[in-house]
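Take a walk through this model with the sequence at hand. We begin with aromatic rings and then widen the view.

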Amino acid sequence: MGFEDNKEGNKEELAPVNEANKKGGIADSDSEIEHEVNENKVSRQMSESSMYTTDQEDDEDETTNKIELGPQCTLKEQFEKDKDDESLRRWKEQLLGSVDINAVGESLDPEVKILSLEIKSPGRPDIVLPIPEDGKPKSPWFVLKEGSKYSLNFKFQVSNNIVTGLKYTNTVWKTGIKVDSMKEMIGAFSPQSEPYTHEMPEETTPSGIFARGSYSARTKFLDDDNKCYLEINYTFDIKKEWQAT
């Protein structure tokens, strides 16, 4: 929901002039010029194409940047490791907080459930966003006033195991053109019965005749294994005034 050509010097080596060079001088020069033109053309095409990125490339970057952290362990196994080391035991208890180890089960995979999403704006009632099961809310999902400050607030619950590298991504399009893309790292969280709350940095909606209108967007919540816990594809509007409540 956010808005916010290489050139290489050519080195030439001067060879002694002999009879063979004199005979083929013109032809060799033409061939070298043509070769240089073709090289420049290919270099220019590669430089121009590198200026553009696609959603597919963004997804590929997420895959290629994945860090191998080694084999996972259940929380029970984590507690059993080095149980005779008092300092490590205290560190694990501090990291996990008040987790009931007997209640988390034997699952290796963490589970993250997004419980609520709200848009907060100074001096305005919070906009509560319903989360549909199919990830496709009714259009428009919400309306924002142009030039207004707002922030996204959400609650989520973690169960089964520790989730690491939890992040929020959001991509926005207007008339089919990508106008904004953002990624916010949220952090690592241990399982607990109480939900976590996170508020995104405050942003300002664009304003003006070209900013007003309908937008489409895609929001995802993922971890460092690129496991997606929630994906929402939606539309929203920016108008002169807030929508009547």
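Which residues form one aromatic cluster? F154, F156, Y168, F189, Y196 and F221 do. Keep in mind that the model is predicted. A search of the whole structure finds 13 aromatic pairs. One of them joins F156 and F189. The ring centres lie 5.0 Å apart, and the planes meet at 80°. That makes the pair edge-to-face. It also ties together distant parts of the chain, with F156 in strand β4 and F189 in strand β6. The two residues are 33 residues apart.

Are these two rings buried or exposed? F156 has a relative accessible area of 0%, so it is buried. F189 reaches 14%. Buried means under 20%, so F189 also counts as buried.

Now step back to the chain. It has 245 residues, and 31% of them are buried. Its secondary structure amounts to five helices and 10 strands. The exposed area is about 16500 Å². Carbon and sulfur atoms supply 49% of that area.

Next, the interior. In soluble globular proteins, nonpolar side chains tend to be buried together. Here the largest nonpolar core has 33 residues. M1, L117, F142 and F156 have the most contacts inside this core. Which elements give two or more residues to it? They are β1 (111–120), β3 (142–145), β4 (149–159), β5 (163–174), β6 (177–189), β9 (213–222) and β10 (228–239). β10 gives the most, with six residues.

F142 shows how the core is knit. Set aside its neighbours within four places in sequence. F142 is then in contact with M1, I119, I127 and L129, and also with Y234, T235, F236 and D237.

A polar residue is worth a look too. N153 sits in strand β4. Its relative accessibility is 8%, so N153 counts as buried. Beyond four places in sequence, N153 touches S116, L117, E118 and K120. T197, H198 and E199 are also among its contacts.

Turn to the charged side chains. How many salt bridges does the structure hold? It holds five. E118 forms one with K120, where the closest N and O atoms are 3.8 Å apart. D126 also meets K120, at 2.8 Å from N to O. K120 is partly exposed, with a relative accessible area of 25%. D126 is partly exposed as well, at 37%. A further salt bridge joins E241 and K145, at 3.7 Å from N to O. This pair links distant parts of the chain: E241 lies in the segment after β10, and K145 in strand β3. They are 96 residues apart. K145 has 26% relative accessibility, so it counts as partly exposed. Through shared partners, E118, K120 and D126 join into one network.

Last, confidence. The mean pLDDT of the chain is 76. Of its residues, 60% reach 70 or more. Where does pLDDT stay under 50? One stretch is residues 5–29, for which the model has five contacts beyond four places in sequence. Another is residues 35–54, with four such contacts.

Definitions and conventions:
Residues are numbered from 1 along each chain as its sequence is written. Side-chain values use heavy atoms; hydrogens and water are left out. Helices (H or I, at least four residues) and strands (E, at least two) are DSSP runs, numbered from the N terminus. Buried means under 20% relative accessible area, exposed over 50%, partly exposed in between (1.4 Å probe, protein chains only). Accessible areas come from the Shrake-Rupley method with a 1.4 Å probe; for residues, only the protein chains shown count as cover. A nonpolar core is a set of buried Ala, Val, Leu, Ile, Met, Phe, Trp, Tyr and Cys residues joined through side-chain atoms within 4.5 Å. Contact means heavy atoms within 4.5 Å. A salt bridge is a side-chain nitrogen of Lys or Arg within 4 Å of a carboxyl oxygen of Asp or Glu. pLDDT is the predictor's confidence in each residue, from 0 to 100. Rings of Phe, Tyr and Trp (its six-membered ring) pair if their centres lie within 6.5 Å; planes under 30 degrees apart count as stacked, over 60 as edge-to-face and the rest as tilted.
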